[in-house]
Amino acid sequence: MTEPAHTSGREGTAAAPSSAWSHAVALAVGTSVANVLGYGFNAIMSRQLGVSGYGELGSLLAVIVVASVPGTALQAVIARRLSAGQLRAHVWQTTALLSLAVGAAALLISPALKAFLAIGSYTPLFWMAVSLVPTTIAFGWQGLLQGSGRYRSLGVLIVAIQLARVLGALLAVATDTGTSMALAGGTLFTAVLVAVTAPSVLAVAGTATRGRRAMLMDVARDISPILGVLVLSNLDLLLARHYLPEYDSGLYAAGNLVTRAAFWGPAFIVLMSYPQLAVPDKRPEALRRGVRLLAIVSAIGIVGSILAAGLVPVVLGQAYAAITDDVWLFALNGFALVGVQFAVFAGLAVADRRVGRLVWLAIVVECVIVGTLTHGSITQIIGTAVGCSLMLLAASAAVEIRRARRGR
């Protein structure tokens, strides 16, 4: 089955419903496999490094996640402009410039990171900074595939990026080395991947040299809303770590794995919908289809979390049995957050960042409530997080409804 053609940034004819569903399935499979590979990377390295060594790697991975926000914003801008026929900048030059800037920034702050995160040497920090260059370029490639409707290729690329990290981990195991080799190997394999795929991916972008500054300004404006969603999705875990006893915070971290699965599992819906949301004629149907898919996946996921809660101690060990009763709350929080993410990107598709500002307001509200009232137990903190996420989701829906009415 061939992918939809896309030339010179112009949107082709609308895909048939059956084709749209096949794209959704292909992208869902790709993101699911990538998530499994991501967990596989962590499983390999946690066994290789031990608790102390894995703690160091985990802190570096958290930095990489935050440092990926400019790349995510770049992907969103490229996909939006390409789907609307407005991609005028030379994508390769823009992507290379941003990727080098992100890597250089990480390198410059490495002394502060070494002290704050108690990293043993500068070598893993160096490879972390270098890894951000091909990683950011890969986000640019994803934006081109996403904006041109090449969802099968996008799914394959997402899997390949995670596979590159796993290969880096296996290289570290094979050579009996640690964090530095895992990051170095992942960097090497990712760099090879973006180089090999560059000719076919860049073919859809054209070679115009105008508009590079405007694109970078768009990226800068989109960073705040995307970063807000990322912060909110991890905020309850950080608050639990700060306020709860060490044992309870460990239980909360286990529950947060459910939140992450619920948040990242339906990510394919946001990826598939976003380019269509930037095209006025296709936006209403893209909104309806995205909301329907999110509602179906969320309902199935929440029911599944209730029915499968008893498997938590089987998978993680009996020590985590105490979290069983709260599993559905962690799942509900994740699905509410992915709804917020959908609303944020629906706004970004039309250069409306109001939902992004609401996200930052929700972050402040959650910090205040947990910090003053509801930090006495796991249930109190996750309950507060769920309440804030659901209220934010309702407010985001109200913004979208008002925007649609104004459009009509």
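A salt bridge is a side-chain nitrogen of Lys or Arg within 4 Å of a carboxyl oxygen of Asp or Glu. The model is predicted: local features need pLDDT of at least 70, side-chain atom pairs count only at pLDDT 80 or more, and totals for chains, interfaces and linings use all residues. Residues are numbered from 1 along each chain as its sequence is written, and side-chain values use heavy atoms, with hydrogens and water left out.

**Exercise 1.** Find the salt-bridge partners of E285 in helix α11.

*Solution.*
1. Helices are DSSP runs of H or I with at least four residues, numbered from the N terminus.
2. R289 meets E285 at 3.9 Å, N to O; the two lie four residues apart in α11, about one turn of the helix.
3. R288 also pairs with E285, their closest N and O atoms being 3.2 Å apart. These two are three residues apart in α11.
4. E285, R288, R289 and R292 are linked in a network of salt bridges.

**Exercise 2.** Classify R289, R288 and E285 as buried or partly exposed.

*Solution.*
1. Buried means under 20% relative accessible area, exposed over 50%, and partly exposed in between (1.4 Å probe, protein chains only).
2. R289 has 19%, so R289 is buried.
3. R288 has 45%, so R288 is partly exposed.
4. E285 has 34%, so E285 is partly exposed too.

**Exercise 3.** Which parts does the salt bridge between R283 and E400 tie together?

*Solution.*
1. The closest N and O atoms of R283 and E400 are 3.1 Å apart.
2. R283 lies in helix α11 (residues 283–307) and E400 in helix α15 (residues 378–407), so the pair ties together parts 117 residues apart in sequence.
3. Both R283 and E400 are buried.
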